[in-house]
Amino acid sequence: MKRSLTVPLTALAPVSWGTTYAVTTVFLPPDRPLFTALVRALPAGLFLLALTRVLPRGGWWWRSAVLGALNIGAFFPLLFVSAYRLPGGMAAVVGSVQPLFVVGLSALLLGQRPAPRTLVTGVAAALGVSLVVLQGTGTPDVVGVLAAVAATASMAAGTVLTKRWGRPDGVGPLALTGWQLTAGGLLIAPLAFLAEGAPPALDARAAGGYLYLALANTAVAYWLWFRGIGRLSATQVAFLGPLSPLTAAAVGWAALGQALAPVQVAGMALAFGATLAGQLGSGESGSFSAGKKNARKVSMDLMDPGLRR
């Protein structure tokens, strides 16, 4: 598949995630965030495992567990905690600084020095998202803010480590996605049953909503996301993240009758422009090339000989 399609295909992942709020609000039973996170992750992971019939080998058992915890098992519950405890779209605002987290972690783990343009673009993306979704009032909940920051850091760390470790020889992104979703789902399962008890009764409407979340919103979306991480720089992928809250705002306006003020439209334009700029200015060229080579050498030195790419 042509490389020119990599960015738009990867962008479909955060666009899909932006529909989660509307689907949850319209189709799913209320106050079951951990059960929803479990249904999103574990069935999708088991489906992909059955489809690919490939299991981790050697050091990839613990790598899959770490990536599954960061990208799924910790991220999903923390995200839902922040969404339930913070007013308005403040959780989305905190999440929109993920490109800046990725830039910092890429410097530490991948040896990629951030250009000033990248930092400015990251700040612009966060500002644009804040204009779109930040409408809450009052004092923010401390636990909610900490959960939002932890969720953002967890996903950023998972993105950078996924880029650093790559995947073992002969294993495609579909199998890698299945490993992480399964590991993350198994981590969420005991938390969901301990905190929320038995699963709720589901009607056809809720079953359809969960089916959409598990297949399109999770299995397909995360496959596109991890595929994109393998072909783009970690920073490029992170700059696609603001498309999620922008999609949520657009779906709310189109499907749920939520009005958009002029300042929100301006914020959408700013965040979308920053997303495009992040693709143009965050590639692995120039000063990033040496960092990529060094990171690849370090990564291969750490990997088991039988798992090198």
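Helices (H or I, at least four residues) and strands (E, at least two) are taken here as DSSP runs, numbered from the N terminus. The model is a predicted one, in which local features need pLDDT of at least 70 and side-chain atom pairs count only at pLDDT 80 or more, while totals for chains, interfaces and linings use all residues. Residues are numbered from 1 along each chain as its sequence is written, and side-chain values use heavy atoms, with hydrogens and water left out.

**Exercise 1. Place Thr-159 in its helix and state whether the residue is buried or exposed.**

Solution. Begin with the secondary structure of the chain, which comes to 15 helices and 0 strands; Thr-159 has its place in helix α9. Next, take the accessibility scale, on which buried means under 20% relative accessible area, exposed over 50%, and partly exposed in between (1.4 Å probe, protein chains only). Thr-159 counts as buried because its relative accessibility is 0%. Finally, list the partners by contact, meaning heavy atoms within 4.5 Å: leaving out residues up to four places away in sequence, Thr-159 touches Asn-71, Gln-98, Trp-225, Ile-229 and Ala-234.

**Exercise 2. Describe how helix α7 meets helix α9.**

Solution. Axes are lines fitted to C-alpha atoms, for helices over the stretch in contact, with angles running from 0 to 180 degrees between N-to-C directions. The axes of α7 (residues 98-109) and α9 (residues 142-165) come within 9 Å and cross at roughly 45°. That makes α7 oblique to α9, since angles under 35 degrees count as roughly parallel, over 145 as roughly antiparallel, 65 to 115 as roughly perpendicular and the rest as oblique. The contact of α7 with α9 has, by class, 11 nonpolar, 4 polar and 1 charged residues, where Ala, Val, Leu, Ile, Met, Phe, Trp, Tyr, Cys and Pro count as nonpolar, Asp, Glu, Lys and Arg as charged, and the others, Gly among them, as polar. On the α7 side the residues include Gln-98, Phe-101 and Leu-105, and on the α9 side they include Thr-152, Met-155 and Thr-159.

**Exercise 3. Follow the N-terminal helix α1 to its partner α11.**

Solution. The axes of α1 and α11 come within 8 Å and cross at roughly 145°. By class, their contact has 11 nonpolar, 5 polar and 2 charged residues. Leu-9, which lies in α1, counts as partly exposed because its relative accessibility is 23%. Although Leu-9 and Trp-225 are 216 residues apart in sequence, their C-alpha atoms are 8.4 Å apart in space.

**Exercise 4. Name the residues that touch the most other members of the largest nonpolar core, and the helix that gives its largest share.**

Solution. A nonpolar core is a set of buried Ala, Val, Leu, Ile, Met, Phe, Trp, Tyr and Cys residues joined through side-chain atoms within 4.5 Å. Of the 30 residues in the largest such core, Trp-17, Ile-72, Phe-76, Tyr-222 and Trp-225 touch the most other members. The largest share of this core, 7 residues, comes from α3. Trp-17 is in contact with Arg-40, Met-155, Asn-217, Ala-221, Tyr-222, Trp-225 and Ser-244, its neighbours within four places in sequence being left aside.

**Exercise 5. Characterise Leu-34 in helix α3.**

Solution. Leu-34 counts as buried, because its relative accessibility is 14%. The C-alpha atoms of Leu-34 and Phe-193 are separated by 8.4 Å, although the two residues are 159 residues apart along the chain.
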